[in-house]
Amino acid sequence: MRGLMRRAALLLGLLAVCMNVAAGDLYDTVNRLRAGAGNCGAAREVPALRPQAALERVARGMAHGEQAEASLKSAGYRATRYSAFNLRGDGVGAQAAALLAKPGYCKQLQDAAMTEVGIYLDASQLWVVMAAPFAPLVGVSEQAAGQRVLDLVNDARASPRRCGASAFNSAQPVRWSALLAEVARLHSEEMARYNYFSHSGRDGSDPAQRVERAGYRYRATGENIAGGQMQPEEAVAGWIKSPEHCANLMNPVFTEMGAAFAIDRGSDMGVYWTQEFGTRR
């Protein structure tokens, strides 16, 4: 009996090793098809997918019945985007290369937005999970982002518009304030570092108090914040759609503004934007 059990354990171990080898080979297959091999003609060149251990755990979890979101969470993988598909049938590993070369799978494999992959294979099923890891990136310098926000705000102020129930005439352009930009930077960095989203600072300060504390003697001031947007255009577009933020943006009393963003990959939103408006005394 013990001999039979040892042989069974050995066979299972050998099977696991074979499956791991086969899964390893499939990473090469996936990337060859992604590059346009076989029937997967590629319209443009896309970088190879990087094998990711956490996504292998996701694929294994899904093979055992977990939902994708739950599996991603349990694996500790945070994705901006992901996709998953599976093939079933006895001996699926041996047929995988031919099955994956079909047009529907080719299109998924060649999704340029995906950068990482995990594969799970057993005797009767193959799971492929691809994802783009959460990696917030604005892609422009702080100075360039601030200038772009200023330009977009002044473009918006040049035309009459409604902000919710309130109608605003066109307004004079605002000019850049380095002091207000510094106030905006500090608040964005605090929100990013401590993972919160609010006009109230961690010390209980409101926007007017933070502006005044920085030495800006104001007659009027206002603040807009945004989170999650990867481009200045997205941040400003969101403010224009929000009645309260839009009202700040169109307020003819304001003559100056400053804006800044901060990034923290460990935070919920990733990117945090702050825009300060003001009129000096």
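## Exercises: rings, charges and a buried helix

F254 is buried, and so is F277. Keep in mind that this model is predicted.

**Exercise 1.** Work out how the rings of F261 and W273 are arranged.

*Solution.* Start with the geometry: the two ring centres are 5.2 Å apart, with 45 degrees between the planes. Pairing needs centres within 6.5 Å, and planes under 30 degrees apart would be stacked, over 60 edge-to-face, the rest tilted. So F261 and W273 make a tilted pair. Now place them on the chain: F261 belongs to strand β9 and W273 to strand β10, twelve residues apart. Finally, check the burial. F261 is buried at 13% relative accessibility, and W273 is buried too, at 1%.

**Exercise 2.** Find how many aromatic pairs there are, and classify the one made by F254 and F277.

*Solution.* The count is three aromatic pairs. For F254 and F277, the centres are 5.3 Å apart and the planes 15 degrees apart, which makes the pair stacked. F254 sits in the loop between α10 and β9, F277 in strand β10, and 23 residues separate them.

**Exercise 3.** Which parts of the chain does the R50 and E116 salt bridge tie together?

*Solution.* First, the contact: N to O is 3.2 Å between these side chains. Next, the location: R50 is in strand β1 and E116 in strand β3, so the bridge ties together parts 66 residues apart in sequence. Then compare the surroundings: R50 is partly exposed at 44% relative accessible area, while E116 is buried at 9%.

**Exercise 4.** Take the R210 and E223 salt bridge and decide whether its residues are buried or exposed.

*Solution.* The closest N and O atoms of E223 and R210 are 3.0 Å apart. The bridge links strand β8, home of E223, to helix α8, home of R210, across 13 residues. Both residues are buried. Elsewhere, shared partners join R175, E256 and R280 into one salt-bridge network. A search of the whole structure gives nine salt bridges.

**Exercise 5.** Which arginines lie over the rings of F134 and Y194?

*Solution.* Go ring by ring. Over the face of F134 you'll find R78, 3.6 Å from the ring centre. Over Y194 it's the charged end of R202, 3.7 Å from the centre.

**Exercise 6.** List the buried residues of helix α10 and some elements that cover them.

*Solution.* Helix α10 spans residues 243-250, and H245, C246, N248, L249 and M250 are buried there. The cover includes helices α6 and α9, plus strands β5, β6, β8 and β10.

Key
Residues are numbered from 1 along each chain as its sequence is written. This is a predicted model: local features need pLDDT of at least 70, side-chain atom pairs count only at pLDDT 80 or more; totals for chains, interfaces and linings use all residues. Side-chain values use heavy atoms; hydrogens and water are left out. Buried means under 20% relative accessible area, exposed over 50%, partly exposed in between (1.4 Å probe, protein chains only). Helices (H or I, at least four residues) and strands (E, at least two) are DSSP runs, numbered from the N terminus. Contact means heavy atoms within 4.5 Å. A salt bridge is a side-chain nitrogen of Lys or Arg within 4 Å of a carboxyl oxygen of Asp or Glu. Rings of Phe, Tyr and Trp (its six-membered ring) pair if their centres lie within 6.5 Å; planes under 30 degrees apart count as stacked, over 60 as edge-to-face and the rest as tilted. A charge sits over a ring if NZ of Lys or CZ of Arg is within 6 Å of the ring centre and within 35 degrees of the ring normal.
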